[in-house]
Amino acid sequence: MTPPDASHNRWSDLDRPPLNATALRRGLLRPDALWTSLEVVESTGSTNTDLAERARAGAAAEGTVLVAEEQTAGRGRLERSWTAPPRSGLFFSVYLEPGDILVERWGWVPLLAGVAAATGLAKSAGVDMSLKWPNDLLVSVEGEERKTGGILGEFAGDGIVVGLGINVSLRAEELPAPTAGSLALAGAVSTDRETLLRAVLRSLEHWYGAWKAADGDAAASGLQAAYAAGCATLDRRVRAELPGGASLVGEAVAIDGDGRLVLSTEDGLQQPVSAGDIVHLRGAAGGLT
């Protein structure tokens, strides 16, 4: 008899057990909670794509959480691909409806998710986390700054879908790039994905609730200060590679009220950047605990 293909066996890597959806629902879905449904699928192209399609069809309520054990066509910012071995990380999307909050303030939601993920993971994994503007999650691996996660937001239906991809147990030989890292390689005290996912979702519920209670005012809710405190990009010389091919070099001096990165250029101007790819040129990383 031919043995089954281990790649199709959900228990083929015993260091990476599958998520227990029932236990996750029991811990997160409460009558007074933000989270209204949680589904775990074995594999999909992209949880963001799937959830956005549901939202546009009116088939997703606020607080819907979609988790995949594996993403085969995961997307990062600027249409970059995001791939990782099955069950080696957290790959999930949530659907939020900010409602009456001014749409121009909705741009804070992905940054809010970054603060929530960094604070939740710092507490549950015991790893110092920082944020690279706008939405990369950084850890330190052997003294080097490495990307261990990313966040992507997109408007859909009456709200916004926010997707998170976080490398949890990736080994050095599995990293997709020399600049990548994982919680395990950063010395995490726990790589239990259920514990980590609950911590991130509870932190996201807290920060989203505070932001909504302040009518989307990032300063009044404490979100702007929290992001700045944990942002590794601030106080560093950076290059902003802007849409269209232009670039801008300067010192990152602030996160403004609209969530933009403010650069102080050599000609003395304060230039806000709302979109682009940021390259850290020098300086030490910040921390978020």
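In this predicted model, Ile255 finds its bridge partner in strand 12, namely Leu261. That pair belongs to a wider match: strand 11 (residues 247-255) and strand 12 (residues 261-264) run antiparallel and are joined by 4 bridges. Between the two strands lie the 5 residues of a hairpin, where Gly259 adopts a positive phi near 80°.

Strand 12 also has a partner in strand 13 (residues 270-273), again antiparallel and with 4 bridges. Here Ser264 is matched with Gln270 of strand 13. A hairpin links this pair too, with 5 residues between the strands, and Gly268 in its turn shows a positive phi of about 85°.

Another part of the model holds a sheet worth following strand by strand. As background, the strands of a sheet pair through backbone hydrogen bonds, in either a parallel or an antiparallel way. This open sheet is made of 7 strands in the order 1-2-5-9-8-7-6, with mixed pairing. Strand 1 (37-41) and strand 6 (130-132) are the edges; each has a single partner strand, so one side of each lacks a neighbour in the sheet. On average, neighbouring strands of the sheet are turned by 20° against each other, direction ignored.

Within the sheet, strand 8 (residues 144-156) pairs with strand 9 (residues 159-167) in the antiparallel sense, over 8 bridges. One position to look for is Gly149, which stands opposite Ile166 of strand 9. Helix 3 (residues 108-125) packs on this sheet, touching strand 5 (89-96), strand 6, strand 7 (136-141), strand 8 and strand 9. The direction of helix 3 makes about 35° with that of strand 9.

Terms used
Residues are numbered from 1 along each chain as its sequence is written. This is a predicted model: local features need pLDDT of at least 70, side-chain atom pairs count only at pLDDT 80 or more; totals for chains, interfaces and linings use all residues. Side-chain values use heavy atoms; hydrogens and water are left out. Two strands pair if DSSP finds at least two bridges between them. Axes are lines fitted to C-alpha atoms, for helices over the stretch in contact, and angles run from 0 to 180 degrees between N-to-C directions. Contact means heavy atoms within 4.5 Å.
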